[in-house]
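Walk through this fold with the coordinates open beside you. The route goes helix by helix, with the confidence scores kept in view.

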Amino acid sequence: MRYRLTFVAGLALGYVLGTRAGRERYEQLKKSAREISQNPAVRNTVESATQQGREVAGKAFHTVSEKVGDKVPESVADRVRSLRERGPGGAEDDWGTSNT
């Protein structure tokens with residue numbers, strides 16, 4: 001119960017502070033977030049992390065499929081296979097995430 005009360009109090013405080021900050025502050029934060037996301041260093045880091053995630057997912061799939069055998073659903077196997085075959089440079093993968 002104590003955690004719920006703390007959560008509700010934090011939620012109320014955040015709401016009050018957020019409404020006082022107003023639309024201008026929201027637009028400032030939105031602009032800053034957009035600038036950060038368009039920074040080439042950030043984009044390269046995200047792309048690198050995405051590629052590493054794909055590689056790890058492929059290795060995990062092989063490990064699991066060796067232990068589980070044919071019990072992996074075909075839909076999952078097809079998605080992982082298509083990601084592995086596509087490699088870097090694809091605009092959007094089967095999971096609905098973009099590579100840019």
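The expected span of a helix is 1.5 Å times one less than its number of residues. Keep that rule in hand for what follows. The model is predicted.

Begin with the overall plan. The protein has 3 helices and 0 strands. Along the sequence the pattern reads α-α-α.

Now apply the rule to helix α1, residues 2-37. A straight helix of 36 residues would span 52 Å. The end C-alpha atoms of α1 span only 38 Å. Where does α1 kink? The kink is centred on glycine 22, and its angle is about 95°.

Helix α2 passes the test that α1 fails. How far apart should the ends of α2 be, given its 29 residues? At 1.5 Å a residue, α2 should span 42 Å. The end C-alpha atoms of α2 are 41 Å apart, so the span agrees with the expected value.

Look next at the start of α2. There a side-chain oxygen of asparagine 39 comes to within 2.9 Å of the backbone nitrogen of alanine 41. Further along, three residues of α2 are buried: Arg54, Gly58 and Phe61. Their cover includes α3.

That leads to helix α3, which holds serine 82. Is serine 82 buried or exposed? Buried means under 20% relative accessible area. Serine 82 has 17% relative accessibility, and therefore counts as buried. The side chain of serine 82 also makes a polar contact: it reaches the backbone oxygen of arginine 79 at 2.8 Å.

Step back to the whole chain. Buried residues make up 12% of the 100 residues in the protein. The exposed area is about 8500 Å². Carbon and sulfur atoms supply 57% of that area. Take the contacts with a separation of 6 or more: residues 24 or more positions apart account for 24% of them.

Last, the confidence. The protein averages a pLDDT of 79, and 82% of the residues score at least 70. Among the elements, helix α2 (residues 40-68) has the highest mean pLDDT, at 87. Helix α3 (residues 74-86) has the lowest, at 78. Where pLDDT is low, the predicted coordinates should not be read in detail.

Note on methods
Residues numbered from 1 in each chain as written. Predicted model: local features only at pLDDT ≥ 70, side-chain atom pairs only at ≥ 80, totals over all residues. Heavy atoms only, no water. Helix = DSSP H or I, 4+ residues; strand = E, 2+ residues; numbered from the N terminus. Bend = angle between axes of the 7 residues up to and from the residue. Buried < 20%, exposed > 50% of the residue type's maximum accessible area, 1.4 Å probe, protein only. Contact = heavy atoms within 4.5 Å. Areas by Shrake-Rupley, 256 points an atom, 1.4 Å probe, with all protein chains shown as cover. pLDDT = per-residue confidence, 0-100. Polar contact = N/O pair within 3.5 Å; in protein donor to acceptor, adjacent residues only side chain to side chain.
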